[in-house]
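Biologist: Before planning any bench work, I should like to go through this model with you, sheet by sheet and ring by ring.

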Amino acid sequence: MRKGVLRPGHVQIRVMDMQQALKHYVELVGLIQTHQDSQGRVYLKGWSETDRFSVVLVEAAEPGMDFTGFKVVDEQTLVNLTRDLVAFGCQVEQIPAGELDFCGRRVRFLCPTGHWIELYAQKEYTGRWGVREVNPEAWPRGLRGMRAMSFDHCQLHGSDLQLNRELFCDVLGFHLTEQIVNDEGQSVADWLSLSIKAHDIAFVGDGNVGAFHHAAFLLDTWEALLRAGDLLSMTDTSLDVGPTRHGITHGQSMYFFDPSGNRNEVFAGGDFHYPDQKPVTWLEKDLGKAIFYHSRVLNERFLTVMT
């Protein structure tokens, strides 16, 4: 049931050296720096995104994700969902407007997997970078690196996956697109969407409470993904896996690490999934093919390295 949550809005990532991080996210991934606030946080966006920012980098002693946020339809939706989150039993915090520059007030809650998730209704609209609002060209000139189009999703690892699914589906209005189930028929991983995208967030129930697996950035084609692989080799960037195809979502994918050890993904394609369709189910015994469709083999690093 539609609850008024629109789409992924932002993620705040901890980095240990801001200059190295900017070289990675701006010059390699191709995000565009739009602002630096009084706290030293740097705001970035993909060229196709219409709001002021979608990625916030904050310098810290340890890598990882502070929170990820979703935009809702309006202020009344934010009020209604805050009430519903409290009723569900979530720990809820109120973050005032302006704590993130250009962003309205945020409602932050702790989900059952141990991650902080935010909802907000307002953020400065700046339009797509480098193209006009009327008669826009196909893409802007002057893009760097992988030419990332947008922040696409996060994959988060924790526990209590069933309760987490109830929160996201019943309270927030996500729908389940794909799942991995074990021999007992219990889900061990969920892919959730707000629209017809393959997923807007993914959760894996491996007991690593509050763990950040990766943030993903959208590319437009398989050829763009192969070019991104070339750039990783040219820059001696630490590669995790790929380029390859997922079985889950059928999207094309490549994983690599930023200088602080946070995993990134660049992602292209993927299935469409409407809310009235049944979720696709994968069996845990076939996990290799589900994740990496071509090699059908999972490396240990992919399963164990998180921030």
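The exchange below concerns the sheets, the helices packed on them and the aromatic contacts.

Biologist: What is the strand order of the open sheet of eight strands?

Modeller: This is a predicted model. Its open sheet of eight strands has mixed pairing, and the edge strands β2 (32-36) and β6 (91-95) each pair on one side only. From one strand to the next the twist averages 25°. The order is β2-β3-β4-β1-β5-β8-β7-β6.

Biologist: Which residue in β4 is the bridge partner of Tyr-43?

Modeller: Strand β3 (residues 42-45) pairs with strand β4 (residues 55-59) in the antiparallel sense, over three bridges. Tyr-43 lies in strand β3. Its bridge partner in β4 is Val-56.

Biologist: What angle does the direction of helix α1 make with that of β4?

Modeller: Helix α1 (residues 18-28) packs on the sheet. The strands that α1 touches are β1 (5-15), β2, β3 and β4. With the direction of β4, that of the helix makes an angle of about 160°.

Biologist: Is the pair formed by the rings of Tyr-43 and Phe-53 stacked or edge-to-face?

Modeller: The count of aromatic pairs comes to nine. In the pair of Tyr-43 and Phe-53, the ring centres are 4.8 Å apart and the planes stand at 85°. Planes over 60 degrees apart count as edge-to-face, so the angle of 85° makes this pair edge-to-face.

Biologist: How many residues apart in sequence are the parts that the pair of Tyr-43 and Phe-53 ties together?

Modeller: Both Tyr-43 and Phe-53 are buried. Tyr-43 belongs to strand β3, whereas Phe-53 sits in the loop between β3 and β4. The pair therefore ties together parts whose separation in sequence is ten residues.

Biologist: Which lysine lies over the face of Phe-53?

Modeller: Two contacts between a charged residue and a ring face may be described here. Arg-52 lies over the face of Phe-102, at 3.9 Å from the ring centre. Over the face of Phe-53, at 4.0 Å from the ring centre, lies Lys-123.

Biologist: Which strands stand at the edges of the open sheet of nine strands?

Modeller: The sheet has mixed pairing and the order β14-β15-β16-β13-β9-β12-β11-β10-β17. Each edge strand has a single partner, so one side of each is left without a neighbour in the sheet. The edge strands are β14 (239-245) and β17 (280-283).

Biologist: Which residue in β12 is the bridge partner of Asp-190?

Modeller: Strand β10 (residues 175-181) pairs with β11 in the antiparallel sense over six bridges, and there Asp-190 is the partner of Gln-179. Four bridges join β11 to strand β12 (residues 201-204), also antiparallel. In β12, the partner of Asp-190 is Phe-203.

Biologist: Why is strand β11 largely enclosed by the rest of the structure?

Modeller: Helix α3 (residues 161-171) lies across β10, β11 and β12, running at about 15° to β11. Residues under 20% relative accessible area count as buried. Strand β11 (residues 187-193) is largely enclosed because, of its seven residues, the number buried is six.

Biologist: Which residue in β12 does Gln-155 stand opposite?

Modeller: Strand β9 (residues 150-157) and β12 run parallel and are joined by three bridges. Opposite Gln-155, in β12, stands Ala-202.

Biologist: Which residues form one aromatic cluster with Phe-203?

Modeller: Phe-203 has already appeared as the bridge partner of Asp-190 in β12. The aromatic cluster joins Phe-203 with Phe-70, Phe-168 and Phe-174.

Conventions
Residues are numbered from 1 along each chain as its sequence is written. This is a predicted model: local features need pLDDT of at least 70, side-chain atom pairs count only at pLDDT 80 or more; totals for chains, interfaces and linings use all residues. Side-chain values use heavy atoms; hydrogens and water are left out. Buried means under 20% relative accessible area, exposed over 50%, partly exposed in between (1.4 Å probe, protein chains only). Helices (H or I, at least four residues) and strands (E, at least two) are DSSP runs, numbered from the N terminus. Two strands pair if DSSP finds at least two bridges between them. Axes are lines fitted to C-alpha atoms, for helices over the stretch in contact, and angles run from 0 to 180 degrees between N-to-C directions. Contact means heavy atoms within 4.5 Å. Rings of Phe, Tyr and Trp (its six-membered ring) pair if their centres lie within 6.5 Å; planes under 30 degrees apart count as stacked, over 60 as edge-to-face and the rest as tilted. A charge sits over a ring if NZ of Lys or CZ of Arg is within 6 Å of the ring centre and within 35 degrees of the ring normal.
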